[in-house]
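Colleague: Please take a close look at one part of this model for me, the largest pocket. Walk me through its walls, and then through whatever sits around them.

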Amino acid sequence: SASVAGLSVLNIAGYSSSQNPWSRHWWNFDTPPGWTDYIDQPLERVCAFQWWSANKHVIDAIENGVIDRYMVIKYENLLSQESMKNELAKAFDFAQLPKEAVLNGFKVPAPVMAVNPPGARKWIRRAEVILPAIRDTKIASLARSLNYNINAAHGFV
């Protein structure tokens with residue numbers, strides 16, 4: 001890959017563009033081990049790697065005993081007022097914290113940084129791009145371990 005003053009130039013299809021010079025130099029993602037392997041990959045592969053690396057890190061910490069007490073909350077369970085409130089109630093119970101002060105009158109917060117608001121199955125509009133990225137062997141393996149069926153696209157929320 002090319003570099004400017006010792007820095008790699010990003011060439012991420014769907015992210016880097018000549019119209020936005022910052023997008024050729026600003027890695028606006030996490031930086032787990034191996035992130036530099038993705039500076040010239042399409043955005044959907046960068047995103048799949050980001051999902052994998054974050055989840056893999058947490059799962060490894062659980063398996064190694066670094067995290068010994070945890071609960072699982074899936075993103076798709078945070079998409080509506082009712083389901084988010086239910087998940088938060090479970091989290092407060094798990095943490096042995098009083099929930100009434102927070103949950104009485106609770107409203108889902110507005111998205112802070114989103115092109116489109118979060119929503120169930122909004123990814124399906126781009127399934128032809130996203131499915132090949134998540135069918136990568138390491139992504140698919142981790143998705144299966146988290147009870148996602150990547151072979152049944154309509155099974156995803």
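**The largest pocket and its surroundings**

Modeller: Sorted by class, the residues lining the largest pocket are 31 nonpolar, six polar and eight charged. Here Ala, Val, Leu, Ile, Met, Phe, Trp, Tyr, Cys and Pro count as nonpolar, Asp, Glu, Lys and Arg as charged, and the rest, Gly included, as polar. Keep in mind that this is a predicted model, where local features need pLDDT of at least 70 and side-chain atom pairs count only at pLDDT 80 or more, while totals for chains, interfaces and linings use all residues. Residues are numbered from 1 along each chain as its sequence is written, and side-chain values use heavy atoms, with hydrogens and water left out.

The space in this pocket comes to about 2000 Å³. A pocket is an open set of points on a 1 Å grid over the protein atoms alone, where a 1.4 Å probe fits and protein lies on both sides within 12 Å along at least five of seven lines; a lining residue has an atom within 4 Å of a point. Points are joined across faces, edges and corners, and the volume is the space filled by probe spheres set on them.

So who's in the wall? The lining has 45 residues, and Cys-47, Ala-48, Trp-51, Tyr-75 and Trp-123 come closest to the pocket's centre. Helices H1 (43-63), H4 (127-134) and H5 (137-145) are the elements that each put two or more residues into the lining. H1 has the largest share, at 11 residues. Helices (H or I, at least four residues) and strands (E, at least two) are DSSP runs, numbered from the N terminus.

For orientation, the whole protein has five helices and two strands, in the order β-β-α-α-α-α-α along the sequence. Its C-alpha trace spans about 55 × 35 × 35 Å along the principal axes. Of its 157 residues, 25% are buried, meaning under 20% relative accessible area, with exposed being over 50% and partly exposed in between (1.4 Å probe, protein chains only).

Now H4, one of the wall helices. Its buried residues are Ala-127, Leu-131, Ala-133 and Ile-134. They sit on the same side of H4, because they cover an arc of only 165 degrees around the axis, taken from the directions from the helix axis to the C-beta atoms. H1 and H5 are among the things that cover them.

Those helices turn up again in the largest nonpolar core, where H1, H4 and H5 each supply at least two residues. H1 gives the most, with five. This core has 22 residues, and Leu-10, Ile-12 and Trp-27 touch the most other members. A nonpolar core is a set of buried Ala, Val, Leu, Ile, Met, Phe, Trp, Tyr and Cys residues joined through side-chain atoms within 4.5 Å. Setting aside residues up to four places away in sequence, Trp-27 touches Leu-10, Ile-12, Tyr-15, Trp-35, Tyr-38, Ile-39, Val-46 and Gln-50, where contact means heavy atoms within 4.5 Å.

Pro-42 is worth a glance too. You'll find Pro-42 in the loop between strand S2 (7-8) and H1, partly exposed at 26% relative accessible area. Beyond its neighbours within four places in sequence, Pro-42 is in contact with Ile-12 and Ala-13. Pro-42 and Ala-133 are 91 residues apart in sequence, yet 9.3 Å apart in space, C-alpha to C-alpha.

On the other side of H1 in sequence, Val-72 lies in the loop between H1 and helix H2 (81-94). Val-72 is exposed, at 58% relative accessible area, and its C-alpha is 9.7 Å from that of Glu-87, 15 residues away in sequence.

Finally, the second largest pocket, at about 190 Å³. Tyr-75, Leu-78, Leu-79, Met-84, Val-108, Pro-109, Ala-110, Pro-111 and Pro-118 line it: nine nonpolar, no polar and no charged residues. Tyr-75 is also one of the residues closest to the centre of the largest pocket.
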